[in-house]
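This report introduces a structure to a reader who has not seen it before. Please look over the sequence and the structure shown here, and then follow the text from the helices to the aromatic rings.

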Amino acid sequence: MKTGAGGNPWLVLLAVSLGVIMVMLDGTVVGIANPSIQADLKASLSDLQWVTSGYLLALAVFLITAGKLGDLFGHKRVFLIGVGGFALSSVGIGFSAELADVIPGVTPVGALIGLRVLQGLFGALLQPAALALLRTAFPGEKLNQAMGAWGAIIGLSSAAGPIVGGVLVEQASWQTVFFINAPVGVVALIMGILLIKDNRAQTLARIDWLGVLLLSGAMFSLVWTIIKAPEWGWGDSTTLTFVAVFAVLIGAFIFWQSKARQPLVPLSLFRNASISIGTVLMMMVAFAMFGAMFFLGFFFQGVHRLSPLEAGLRMLPMSAGMIFASPLAGMALGRFGPRLTMAAGLLITASSMFLMSRLSIDASFIESGIPFLLLAFGMSPVFVGATEIIVGNAPVELTGVAGGVQQSAMQVGGSLGTAVLGAVMAAQISATLPGHLGPAAQAIPAAQLAGLEKAAAFGSAPPGLGQPIVDAVHNSFMDGMSVAFLVSTGIAVLTAALTLFVKAGRKSEGQPVHMG
């Protein structure tokens, strides 16, 4: 079989999959590692939110740029740089404490967050390049098979994340969750160098660096505001200043995109209502998924007092369910169309989130497993359908950009989900903890009460406290998690209404299927 990206396309698939497996694993193992990171590095809730949000934001704002860099310099070269950089930054994360000791003014948590951002940038380089290499490696009649195998590999790596993370954290340390990327990266580099031929777009594009800068600044300001506003106060001048900065930067970005010769995100894409709605749908389902994953680790390891491995097994129904739900979602979309299928998926997602809001402190495996499994079957139709709507409705010459928009929407939604639900949860804990403490709250100094509120956000209480106080901390955590999931329930129901206005993407004969 003659191909443009290597001799054997299935070996090319294996090579690029190894690179993307690193990215997928790091997206799911961090939730398991967070409690250990918090204890080891004395990280705050906002610190841990930035461990996740910094990574997701770097991915989000750089994906479209990374795709254009592949066009300019060759997808093989960009893919290999992404794999090597991702592996090296992963090793650096494992040595965050040691790096902080030799770099003046840098804390271990600061080093960790900075390297997670760098890791996200390299992850953004390799993802669009990997898909571009696959499209070149496989002839049109084999591309759907390749994408099916690609989806299965991604599903398996996502499902393995909590289990692998649980084993590594429990048997070794949280650092090994990141060290494991080094050998995977080395193998991916060797296979990539030997097996992949380079390919480059015929028409070179210029990089809209001003657009990259404006969009990056706008998203940073938005997420930083959401994370810090509970601490500053929503009406505080600092909060309002960051909101104003976001508004100015996003306005400037939109204006510049309408004037730039080769814009980062052509605004003409969003004149199509289905593309705009599909982007919102992708953001919302990622909002629910990443927001859920962030708190579940603390629920199982803090409140439930499960080991990291046991916590990973509790999450298995959600991640493993994606393996089976994704192909079924594709079949349903083909038979029933995007409106009905995606609306049903969002309503299933809402049902799952509502059941999560009802979880008790001593929830059994079955009680937590049912909503997690529902979540997998609810999210999959939206992920698959939104991708088809965004890319399928885009002009042929902008399908690559549309694919970047789809992936960016997913990462931004995940970052906002972590930030918004974190803010909601923190506010609810502050409101309910004194009530759970009862009359004893009057005798607790304000500073100690604030410390208990921070501890409650992790589902744990400082050592040496009486059982009534520990129970109060756990109950306030459950209150906060319940409200956060109720917010997600409402968002899923409202978003379901948007699916009534979308239409299936256009598929021209011989046009490859683009997947995110």
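## Helices and aromatic pairs

Helix α12 bends by about 50° at M315, and a proline, P317, follows within four residues of that point. The model described here is a predicted one. Helix α12 covers residues 308–336, and at 1.5 Å a residue its 29 residues should span 42 Å, which agrees with the 41 Å that separates its end C-alpha atoms. After α12 comes G337, a residue whose phi is positive, near 85°.

Helix α10, made up of residues 237–259, can be checked in the same manner, and the two helices are set out in the table.

| Helix | Residues | Expected span | Distance between end C-alpha atoms |
|---|---|---|---|
| α10 | 237–259 (23 residues) | 33 Å | 33 Å |
| α12 | 308–336 (29 residues) | 42 Å | 41 Å |

At the start of α10, the backbone nitrogen of T238 has a side-chain oxygen of D236 within 2.8 Å of it. Within α10, the residues T239, F253 and Q257 are buried. An α-helix has 3.6 residues a turn, so residues three or four places apart point the same way.

Another helix, α17, spans residues 467–498 and holds I491. Is I491 buried or partly exposed? Its relative accessibility is 22%, and because buried means under 20%, I491 counts as partly exposed. When its neighbours within four places in sequence are left aside, I491 is in contact with M284 and F287. The C-alpha atom of I491 is also separated by 10.0 Å from that of T349, although these two residues are 142 residues apart along the chain.

Turning to the aromatic rings, the count of pairs comes to 6. In one of these, the ring centres of Y55 and F86 are 6.5 Å apart and the planes stand at 65°, so the pair is edge-to-face. This pair links distant parts of the chain, since Y55 belongs to helix α2 (residues 45–73) and F86 to helix α3 (residues 75–94), with their positions 31 residues apart in the numbering. Y55 counts as buried at 2% relative accessibility, and F86 is buried as well, with a relative accessible area of 0%. The rings of W174 and F178 have centres 6.2 Å apart and planes at 85°, so they too form an edge-to-face pair, and both residues are buried.

Y55 has a further partner, as R116 lies over the face of its ring, at 4.1 Å from the ring centre. Elsewhere, ring pairs link F299, F300 and F372 into a cluster.

Methods. Residues numbered from 1 in each chain as written. Predicted model: local features only at pLDDT ≥ 70, side-chain atom pairs only at ≥ 80, totals over all residues. Heavy atoms only, no water. Helix = DSSP H or I, 4+ residues; strand = E, 2+ residues; numbered from the N terminus. Expected span 1.5 Å × (residues − 1). Buried < 20%, exposed > 50% of the residue type's maximum accessible area, 1.4 Å probe, protein only. Polar contact = N/O pair within 3.5 Å; in protein donor to acceptor, adjacent residues only side chain to side chain. Bend = angle between axes of the 7 residues up to and from the residue. Contact = heavy atoms within 4.5 Å. Phe/Tyr/Trp six-rings, centres within 6.5 Å; stacked < 30°, edge-to-face > 60°. Lys NZ or Arg CZ within 6 Å of the ring centre and 35° of its normal.
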